[in-house]
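Trainee: Could you give me a close look at one part of this structure? I'd like to hear about charge pairing and whatever surrounds it.

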Amino acid sequence: MQADTIAEPDPSPLRRLLQGGLNIIAAVGTVWIFAIMLLIVADVVGRNFLAAPITGVAEIAARSVVAIVFLMLPAAVLNGSLVRADFLLRLVESGSERLPHALDFVFAVVGTLLFVALAVAAWPDTASAWRTAEFFGVRGVWTLPTFPFRLIIVFGSAASALAFAVLGAESLGRLSTVKAGAHE
């Protein structure tokens, strides 16, 4: 992980504020996981012991998984807890002080661009879902609006892009403070 390979300076107050906010949003995702777990258990109990399944559990669970990922992703990015193979960083850090920071910067730039593209691509469907009152489920039996779920994807993508941009700025700052070695 990144923390193992590069010493991190104390975060700025703005970074701590952003990190705190994103951690709160991730905590909402954690509570949502617990709620989905309870809903699934209630459905299983109702289906098997009471012959009364809960309508819409499969649809709610399917939409919730995506929403939970996008609630938790920005905090994972900013906290440096994304799963990644850091073998390349470990390999190059023995030969260069600057190269690991440069690779972190490139990783952050690519992450920023990908998540900006995802937010931009998801926005038209989100706006359409709001305008048309799009829903999922079976009309007359059970329905749920899709707009909140789509908005979470847009928000999570934009927040992930912001988190990657912060990491990129920090990597660029570390890159500019590390002196080039004689062998670079």
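**Salt bridges and their surroundings**

Mentor: There are 3 salt bridges to look at here, and keep in mind that the model is predicted. As a reminder of the chemistry, side chains of opposite charge can pair when their charged atoms come close. Let's visit each pair in turn, then stay with one of them and work outwards into the helices.

Start with Arg-47 and Asp-43, whose closest N and O atoms are 3.2 Å apart. Both sit in helix 2, and because they are 4 residues apart, about one helical turn separates them. The two partners don't share the same surroundings: Arg-47 is partly exposed, at 46% relative accessible area, while Asp-43 is buried because its relative accessibility is 8%, and the cut-off for buried is under 20%.

Next come Arg-150 and Glu-134, with 3.1 Å from N to O. Arg-150 belongs to helix 6, whereas Glu-134 lies in the loop between helix 5 (99-132) and strand 1 (135-138), so this bridge ties together parts that are 16 residues apart in sequence. Here both ends are partly exposed: Arg-150 has a relative accessibility of 24%, and Glu-134 comes in at 28%.

The pair I'd linger on is Glu-170 with Arg-15, where the N to O distance is 2.4 Å. This bridge links distant parts of the chain, joining Glu-170 in helix 6 (residues 147-177) to Arg-15 in helix 2 across 155 residues. Glu-170 is partly exposed at 23% relative accessible area. Arg-15, on the other hand, counts as buried, because 12% relative accessibility falls under the 20% cut-off.

So what does Arg-15 touch, not counting residues up to four places away in sequence? Besides its partner Glu-170, Arg-15 touches Leu-78, Val-166 and Leu-167. Leu-167 is worth a stop of its own. This leucine is in helix 6 and is buried, with a relative accessible area of 11%. Leaving aside neighbours within four places in sequence, Leu-167 is in contact with Arg-15, Val-77, Leu-78 and Ala-108. It also makes a nice example of sequence distance against spatial distance: Leu-167 and Asn-79 are 88 residues apart along the chain, yet their C-alpha atoms are 9.5 Å apart.

Now zoom out to the helices around that spot, beginning with the two that the Glu-170 and Arg-15 bridge connects. Helix 2 and helix 6 pack at an angle of about 145°, with their axes 12 Å apart, and the crossing is left-handed. From helix 2, Arg-15, Leu-18, Leu-22, Ile-25 and Trp-32 take part in the contact, meeting helix 6 residues that include Phe-149, Leu-162, Val-166, Leu-167 and Glu-170. By class, this contact has 12 nonpolar residues, no polar ones and 2 charged. Arg-15 and Glu-170, our bridge partners, are both among the residues that meet there.

Helix 3 also packs against helix 6, at an angle of about 15° with the axes 8 Å apart, so these two run roughly parallel to each other. Again the crossing is left-handed. On the helix 3 side, the residues involved include Arg-63, Phe-70, Pro-74, Val-77 and Leu-78; on the helix 6 side they include Gly-156, Ser-160, Phe-164, Val-166 and Leu-167. This contact has 16 nonpolar, 4 polar and 1 charged residues. Notice that Leu-167 turns up here as well as in the contact of helix 2 with helix 6.

That leaves helix 2 (residues 13-49) against helix 3 (residues 57-79), packed at about 155° with their axes 8 Å apart. The angle makes helix 2 roughly antiparallel to helix 3. Helix 2 passes helix 3 in a left-handed crossing too, and the residues of this contact divide into 20 nonpolar, 6 polar and 2 charged.

Putting the local picture back together: Arg-15 is a buried residue of helix 2, bridged to Glu-170 and touching Leu-78, Val-166 and Leu-167. Around them, helix 6 packs with helix 2 and with helix 3, and helix 2 packs with helix 3.

How values were computed:
Residues are numbered from 1 along each chain as its sequence is written. This is a predicted model: local features need pLDDT of at least 70, side-chain atom pairs count only at pLDDT 80 or more; totals for chains, interfaces and linings use all residues. Side-chain values use heavy atoms; hydrogens and water are left out. Axes are lines fitted to C-alpha atoms, for helices over the stretch in contact, and angles run from 0 to 180 degrees between N-to-C directions. Angles under 35 degrees count as roughly parallel, over 145 as roughly antiparallel, 65 to 115 as roughly perpendicular and the rest as oblique. A crossing is left-handed if the near helix is turned anticlockwise from the far one by less than a right angle, and right-handed if clockwise. Ala, Val, Leu, Ile, Met, Phe, Trp, Tyr, Cys and Pro count as nonpolar, Asp, Glu, Lys and Arg as charged, and the others, Gly among them, as polar. A salt bridge is a side-chain nitrogen of Lys or Arg within 4 Å of a carboxyl oxygen of Asp or Glu. Buried means under 20% relative accessible area, exposed over 50%, partly exposed in between (1.4 Å probe, protein chains only). Contact means heavy atoms within 4.5 Å.
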